[in-house]
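Colleague: I should be grateful for a close look at a single strand and its surroundings. Please set the strand in the context of its chain as well.

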Amino acid sequence: MNTSHATNEVIKPLGMNFRDAMWRKFITYLPYLWLLLFFLAPFIIVLKISFATPIVAQPPFTELFDLDSDTSQWWLASWENYQFLTEDNLYWVSYFKSIKVAFISTIICLLIGYPMAYGIARATPIKRNILLMLVILPFWTSFLLRVYAWMGLLGKNGIINSALMHIGIVDSPLQLLYTDMAVYLGIVYTYIPFMILPLYANLEKMDTSLHDAAADLGARPWQVFINITLPLSIPGILAGSLLVFIPAIGEYVIPALLGGLDSLMIGRTLYDEFFVNRDWPLASAVATILLLILVIPIMLFQRSQRDKPQS
Amino acid sequence: METIKTMKTNQPTKSYVADTPWLDREATPFIQIKNLSKNFDGTPAVANIDLNIYQGELFTILGGSGCGKSTLLRMLAGFETPSAGQIIIDGKDMAGIPAYDRPVNMMFQSYAVFPHMTVAQNISYGLKKDGIEKSQIKNRVNEMLELVQLSALGKRKPHQLSGGQRQRVALARALIKKPKVLLLDEPLAALDKKLREQTQFELMNLQYELGITFVVVTHDQEEAMTLSSRVAVMNEGRFIQIGTPSQVYESPNNKFVADFFGTINFFNATVQNANQDSKVLCATLEKTGTKLDAKFDGNIHPGGQITIAVRPEKISITKNNPEGENLTVTKGVVEDLAYYGNRSIYRIRSQSGRIIQVSAQNFARSEQLALEWDDEVYLSWNSSCNVVLTE
């Protein structure tokens, strides 16, 4: 029998030494490292606190283990906080209200943002850049400042009320500020760029010959939109909706500044639990549940993206 | 794949050769384009065009990119509004009629197959928009799927198809409404060479079977030559020449057409004498002073500067001095050669330093090249092959 001609030479990729390989690995895993440090680690801390019991101390919660104790009960974690969430109506109302506000705001953003994104995508290149600039422009001012500006606009002696009274449409100032409407207004105003930009990106790269083809086959302009444009822009709609829905659900500043006392959204409840009641474990439980509520739509989105064909 | 199957039609059988409606002065054109212009921001894309296309023609508009051919096609389809002029299809003025109401359908260059619909849904789209009964749609779709050999793939999505299959979907989708005119924008450009040649014949057969008038836009002169009943060569928004492929190839009416439609050798020459009765002129070539005869039409007078054009395949290449009547002979050296299997292309440097391109069939079966670099050769061609160009 012939011996094989296999040599003992190790075949290495050209120009790749150990340091290069490590460097490459480092770059690849950098995002994961980032997520680990700034998302997973803090979340584990929050999760841990959510199983603790509040005490008057520094920090204001118990440890989960007590290895020094003489009693047999060294494991101190409890479900109490989560249990409490189900018992008190306040939390369910807050969650529900947050979801409702976020959902309606997302729909309004979509209804206003879609035509805007469509218009920008169909504009001439020069016009398109100007319009995109106008969409992004508000980001150059502080978010908080812009919300305060709305307070000035909507207040009892604000510009809108003054104008209405001046024209004579109303005799006494309308209650505009500290209403749900003001909250919706604030959220839609703040988050609409996040709806427009992904939608624009989707609509802009859509092959216009598809529209021509549909028209050529006898579709009226509105049929072209319903049959072709809309179904093909679903990824953009989903991306934009998530980008609005997720931050809107945990929104704290806008309902706190523009909303009424009764507009209890989960962000506000969380804040109160944390800073007013100093019940860190309960606040952590509220945050954990909020995260779960948010992760579900993201997972659905991921799935819809994965099922899509590679084009 | 087999060729596309025959579809039952009531069209009378016609012969390819005898069917030359553009020669019949009595015939009414099916598509009439009158003084048609289109400007984009003041720049003319289509400039004052007149064109008649007859029923059942396979008419090709040939031109380079930016010559206005696509704009013309889009005006026929109704996607662009003419700046001036008129389009009449089957006796009806198309002005103000939107794309969705025109009796034309189009096959797009990118195919524009709807990516979110199945093959069958794509093909049935046009009928659905016309509000045709479901059972009837189903029959017509099946008929169409069979016609383009996609019966097994009706439920597939476009991304599961090959380029050639997608092209068939686009074709079936455009044909299902039985349009009076089918517009095809670069129908073969996205296919590879083998598939192209095959599809070319399928398109011709299909057009013949269905009797639908085809208007094809292409930048590929070979495609134009093989497909069409007539070709219009377009440049800078105007038609330079309209004629059958052989007319345009053998008798180009100016240098642009001669050069665009195939390869050609140009020689500058001075007219010595021109017989206005027999329409034969005698000219001397620049530099060498070689005398040659050529037929001409139009106004040509002695002393005038003309261009003599000769196609590479008309020129014989020999090692010995050829003898014969009416031959133009010149001597040269092989500077370059390219072997194509069936033929070889030679670039010969003539005594005057001019490069002449010659295409020769490789008649003999030999692995040895008939000619080598730096071989001395004689080039000769019959005077009937000389084309006289004045512009």
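Modeller: The account below begins with the strand, passes to its neighbours and ends with the chain.

This is a predicted model, in which local features need pLDDT of at least 70 and side-chain atom pairs count only at pLDDT 80 or more, while totals for chains, interfaces and linings use all residues. Residues are numbered from 1 along each chain as its sequence is written, and chains are lettered from A and ligands numbered from 1 in the order in which they are written.

The part chosen is strand β7 of chain B, residues 181-185. Helices (H or I, at least four residues) and strands (E, at least two) are DSSP runs, numbered from the N terminus. β7(B) is mostly covered, with 5 of its 5 residues buried; a residue is buried if 20 or more other C-beta atoms lie within 10 Å of its own, exposed if 12 or fewer, and partly exposed in between, with C-beta atoms placed from the backbone. In a regular strand the side chains alternate between the two faces of the sheet. In β7(B), V181(B), L183(B) and D185(B) point one way, whereas L182(B) and L184(B) point the other way, and all are buried.

β7(B) pairs with strand β6 of chain B (residues 104-107) through 4 bridges, and the two run parallel. Strands count as paired if DSSP finds at least two bridges between them. β7(B) is also joined to strand β8 of chain B (residues 213-218), by 5 bridges and again in parallel. L184(B) can be followed into both neighbours: M107(B) stands opposite L184(B), and in β8(B) the bridge partner of L184(B) is V216(B).

The connection to β8(B) involves helix α5 of chain B (residues 193-210), and β7(B), α5(B) and β8(B) together make a right-handed β-α-β unit. Right-handed here means that, with the strands pointing away from the viewer, the path from the first strand over the helix to the second runs clockwise.

As for the chain as a whole, the secondary structure of chain B comes to 8 helices and 20 strands. Of the 391 residues in chain B, 38% are buried. The C-alpha atoms of chain B fill a box of roughly 75 × 50 × 45 Å along the principal axes. Among contacts in chain B with a separation of 6 or more, 64% are between residues 24 or more positions apart; a contact requires C-beta atoms, placed from the backbone, within 7 Å. By that criterion, 20 residues of chain B are in contact with 17 residues of chain A.

Methods: Two residues are in contact if their C-beta atoms, placed from the backbone, lie within 7 Å.
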